[in-house]
Amino acid sequence: MQTMNRDPVFASLDELEVPSWASVEPVDDVSGSQWCLLDCRLRERTATSDRSTHETAQAYEAALTRDGWQRWTPNYCPEQEEKGSYTCWRRDELTLDLWVRDRTCVPPPVDGEPAVVPAPDPSTAAQECPGSLVSVKVRNAIDDERTRPQPSTDPSLTGEDPFPTVTDDPLSDLTPSPPS
């Protein structure tokens with residue numbers, strides 16, 4: 001019964017041939033509807049790696065390629081500049097975002113206080129940690145905005161530029177109204 005209820009995307013991520021050092025303590029999270037009612041299902045996996053960002057990214061990219069995923073370079077991959085290695089992939093009806101970046105160690109909370117105290121005390125500051133952090137996001141291609149046609153701002157299609165440049169002050173030429 002558990003096998004039937006297991007998400008096939010997470011099962012295929014489990015079967016990726018990545019070294020054991022590249023997928024330490026994976027944590028899975030799911031949101032959305034499997035039938036794409038309102039929102040399609042978004043699957044996220046976060047894991048740590050004992051090796052560098054570069055070495056971990058190479059291991060995952062090689063495993064994805066062996067598993068049939070194809071590198072994909074849409075306009076917004078990533079949507080914002082990210083530190084580390086950020087790549088996008090496609091396979092069948094799915095898209096996958098792979099982000100591998102340096103880990104940052106945060107001290108544990110003390111007596112219910114936040115993990116990072118907002119003070120210049122060096123003992124409470126986040127420290128660099130060896131290894132890297134891996135994030136994998138898998139979604140249905142139909143729900144991925146990067147697979148949809150992007151709107152064009154070509155003036156020949158709209159008749160006029162949607163963002164015209166105003167060169168003169170339109171209020172400077174007003175005629176004063178006559179006194180009443």
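How much accessible surface does the protein have, and what share of it belongs to carbon and sulfur atoms? The total comes to about 12,800 Å², with 52% belonging to carbon and sulfur atoms. Keep in mind that this is a predicted model.

**View 1. The overall fold mixes 4 helices with 6 strands.** Reading from the N terminus, the order is α-α-β-β-α-β-β-β-β-α. The protein has 180 residues, and 30% of them count as buried. Take the contacts with a separation of 6 or more: 63% of those come from residues 24 or more positions apart.

**View 2. C36 and C40 are joined by a disulfide.** A search of the whole structure turns up 2 disulfides, and the C36 and C40 link is one of them. The sulfur atoms here sit 1.9 Å apart. Turn about the S-S bond and you get 120°, a right-handed link. How exposed is each partner, C36 and C40? C36 is partly exposed, at 29% relative accessibility, whereas C40 is buried, with a relative accessible area of 9%.

**View 3. C77 and C88 are also paired in a disulfide.** The S to S distance is 1.8 Å. This disulfide is right-handed because the torsion about its S-S bond is about 105°. C77 lies in the loop between β3 (70-72) and β4 (85-91), while C88 is in strand β4, so the pair ties together parts that are 11 residues apart in sequence. As for burial, C88 has a relative accessible area of 1%, so C88 counts as buried, the cut-off being under 20%.

Definitions and conventions:
Residues numbered from 1 in each chain as written. Predicted model: local features only at pLDDT ≥ 70, side-chain atom pairs only at ≥ 80, totals over all residues. Heavy atoms only, no water. Helix = DSSP H or I, 4+ residues; strand = E, 2+ residues; numbered from the N terminus. Buried < 20%, exposed > 50% of the residue type's maximum accessible area, 1.4 Å probe, protein only. Contact = heavy atoms within 4.5 Å. Areas by Shrake-Rupley, 256 points an atom, 1.4 Å probe, with all protein chains shown as cover. Disulfide = S-S within 2.5 Å.
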